[in-house]
Amino acid sequence: MGNSSTARALPINLFEPKSADNKERQSTLVKQTTLKTAVETSGTGLHTAVPVRIRLLPAPPDTGYVFRRTDLGGFEIPATVELVAHCGYATTLMRTGVMLSTVEHLLSALRGLGVDNAFIEVDNLEIPIMDGSAEAFAEMIEEAGVVTQPLARRALLVREKISYEQGERRISVEPADSYQIDCLIDFDHPLIGVQHRTVELANGNFSREIASARTFGFTNEIEALRRANLIRGGSLDNAIVLTPEGMLNESGLRFTDEFVRHKILDIIGDFALLGMPILGKVKAERSGHIMHAGLMAKLLRVRSAWDIVDMPVPATPPACLTLR
Ligand SMILES: [Zn+2]
């Protein structure tokens, strides 16, 4: 199998002596990564309420994220923009009639923790919701460990600002020298109101600031969602449930701005469908899955707005380095 040969190839490549020239070139590039070992967990689908088991496995360079429906003979569904099917309350992928729902929190953890390549085995049609955040997935990835691979990581370098708007909702991506997300939400609710936060996807910020922020919903929308056969697996264990005055969860919030942090989590997960990190700044106001999909489709259509480049090592040098 491809997996084992990749695993064997890695140590050889990492410790191979290199010429000075090669070493210099290599040191200015970030390498692709994958998981060191396979890890698994199980949970419940938020919308379908079915039990699901998932397994994350190492994958060769340039694989990206590829889901495998083990209940359908390993049918593969790559995580790409082209396969986004519908995405009102969760991001769903569909390939020749086979679907996989609620992929965004797991993809967010993979991108957020800097994993480029992974196979994801799933034995049902939805990724488990866990506690409504990406924390359990982040812990799995940390447990597995992340290893570098012999090829340079690729990034989508943004050259021109591209915007996508729908009424009051707005999302754009513009040039920047690192992957940044600037997000504003505005809900007429005493626990939310206007929340604004900017995160740079580097230096463990994802694990610290974003991974544990939970999804949220409003009690006055729950009946309609249930009638639409959605959130059948929803409970206080996997979402913040808001009443008109407050919240039903007795444990309270994990951050006072947990809501905007979760929106950033969703943005990172949806934009992971581009197949590589963005070298640019995403600015979102009142956005959601449909807006994210709309911006990605528009961005990819405007060919002059981006390039695919080898990812440079972050620009800020350690303080002790003297630059010539
Ligand atoms: Zn979410």
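**From Ile141 outward**

Leaving aside the residues within four places of it in sequence, Ile141 is in contact with Leu35, Ala109, Leu110, Leu113, Val115 and Val146. The model in which these contacts are found is a predicted one, and the set of partners offers a convenient way into its interior.

Ile141 belongs to the largest nonpolar core, which has 81 residues, and it is named together with Leu110 and Ile278 among those with the most contacts inside that core. Helix H7, spanning residues 258-271, supplies the largest share of this core, namely seven residues.

The wider setting is a protein of 324 residues, of which buried residues make up 40%, and its secondary structure consists of eight helices and 18 strands. When contacts between residues at least 6 apart in sequence are considered, 75% of them join residues that are at least 24 apart.

Among the strands, E4 (residues 65-69) can be followed through its pairing with E8 and with E5. With strand E8 (residues 118-122), strand E4 pairs in the parallel sense over five bridges, and within this pairing Tyr65 has Ala118 of E8 as its bridge partner. With strand E5 (residues 75-78), by contrast, E4 runs antiparallel and is joined by four bridges, where the bridge partner of Arg69 is Phe75 in E5. Strands E4 and E5 form a hairpin with five residues between them, and in this hairpin Gly73 takes a positive phi near 65°. Strand E4 thus takes part in a parallel pairing with E8 and an antiparallel one with E5.

Methods: Residues are numbered from 1 along each chain as its sequence is written. This is a predicted model: local features need pLDDT of at least 70, side-chain atom pairs count only at pLDDT 80 or more; totals for chains, interfaces and linings use all residues. A nonpolar core is a set of buried Ala, Val, Leu, Ile, Met, Phe, Trp, Tyr and Cys residues joined through C-beta atoms within 7 Å. A residue is buried if 20 or more other C-beta atoms lie within 10 Å of its own, exposed if 12 or fewer, and partly exposed in between; C-beta atoms are placed from the backbone. Helices (H or I, at least four residues) and strands (E, at least two) are DSSP runs, numbered from the N terminus. Two residues are in contact if their C-beta atoms, placed from the backbone, lie within 7 Å. Two strands pair if DSSP finds at least two bridges between them.
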